[in-house]
Amino acid sequence: NAFSGDTTGIVRGGLFALSGSGFQFPAINLGLNPAQDLPTTLAGVQVKVDGILAPVLQTGPGRVMVVAPTLSVRGDRAKGGFRSVQLFSNGVASNAVWMPESASLPGLLTRDFPNPPPAFPDFVDAAVQNEDGTLNDADHPAAAGSTITVFVTGMGATTPPVAAGSVAHSTAVVPVTPVY
């Protein structure tokens, strides 16, 4: 999970990061709010999940961030199992790695992104936006009755379904009880 650092599995449509040694890609980051759908090739880098090209969000030395495809070439994926993940650099393939697939593995975008928080932190400092676009913190709290934006990945299937790598926005507003 690109946000939480959870390595126990991947979720369809969720952001996940591949890290390793032996590859030095240029640092290109399309950002979390791209103006158009994500490409399946960035800086000569491609990632295939079960043979399906995954949309690429970011490349950098030793790291690639992609969106797990929502479609699977085998129908048994909906019941869980493993998915083959393979990295390609200018057409040269890495070894395939088998990753467990999960229905959901939520990850919260933190202020330390792209460095994931330590596993099981006592306190996670989320990157939450106030309605006016400022970063929510002690000096810039959300105004009473306003809307905040929380960035998460790995939540699982969406309704309505959204193609992996496409730009989607939620219009749902969920009222919560303030905690001070």
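What order do the elements of the chain run in, from the N terminus on? They run β-β-β-β-β-β-β-β-β-β-β. Hi everyone, and thanks for coming. What you have in front of you is a predicted model, so please keep that in mind as we walk through.

Let me put counts on that opening answer. The chain has 11 strands and 0 helices. As for how the chain packs, 31% of its 180 residues count as buried. Now the contacts: if we take those between residues at least 6 apart in sequence, 58% join residues at least 24 apart. For the surface people here, the accessible surface of the chain comes to about 10,900 Å². Carbon and sulfur atoms account for 58% of that area.

Now to the pairing, and I'd like to build this part around strand E5, residues 81–89. Start with strand E2, residues 45–49, which pairs with E5 in the antiparallel sense over 5 bridges. If you want a place to look on screen, find Val45, which stands opposite Ser89 in E5.

Next is strand E7, residues 97–101. E7 and E5 also run antiparallel, with 5 bridges joining them. Here the pair to find is Phe82 and Pro100, with Pro100 sitting in E7 opposite Phe82.

And then there is strand E6, just residues 92–93, which pairs with E5 through 2 bridges, again antiparallel. Ser89 comes back at this point: its bridge partner in E6 is Val92. So Ser89 is a handy residue to keep highlighted, with Val45 opposite it and Val92 as its partner in E6.

What lies between the strands in the hairpin of E5 and E6? There are 2 residues there, and Asn90 takes a positive phi near 50°. If you like checking backbone torsions, that one is for you.

Last topic: empty space. Rolling a probe the size of a water molecule over the atoms shows where empty space is left. How many cavities of 30 Å³ or more does the count give? The count comes to 1, and the largest cavity has a volume of about 60 Å³.

Which residues line the largest cavity? Along the chain, they are Asn1, then Gly9, Ile10 and Val11, then Gly14, Leu15 and Phe16, and further on Leu105, Thr153 and Gly154. By type, that lining divides into 5 nonpolar and 5 polar residues, with no charged ones.

That's my tour. Happy to rotate the model for anyone who wants another look!

How values were computed
Residues numbered from 1 in each chain as written. Predicted model: local features only at pLDDT ≥ 70, side-chain atom pairs only at ≥ 80, totals over all residues. Heavy atoms only, no water. Helix = DSSP H or I, 4+ residues; strand = E, 2+ residues; numbered from the N terminus. Buried < 20%, exposed > 50% of the residue type's maximum accessible area, 1.4 Å probe, protein only. Contact = heavy atoms within 4.5 Å. Areas by Shrake-Rupley, 256 points an atom, 1.4 Å probe, with all protein chains shown as cover. 1 Å grid on protein atoms, 1.4 Å probe; cavity = no way out; pocket = protein on both sides within 12 Å on 5 of 7 lines; lining within 4 Å. Points joined across faces, edges and corners; volume = space filled by probe spheres on them. Nonpolar A, V, L, I, M, F, W, Y, C, P; charged D, E, K, R; others polar. Pairing = 2+ DSSP bridges.
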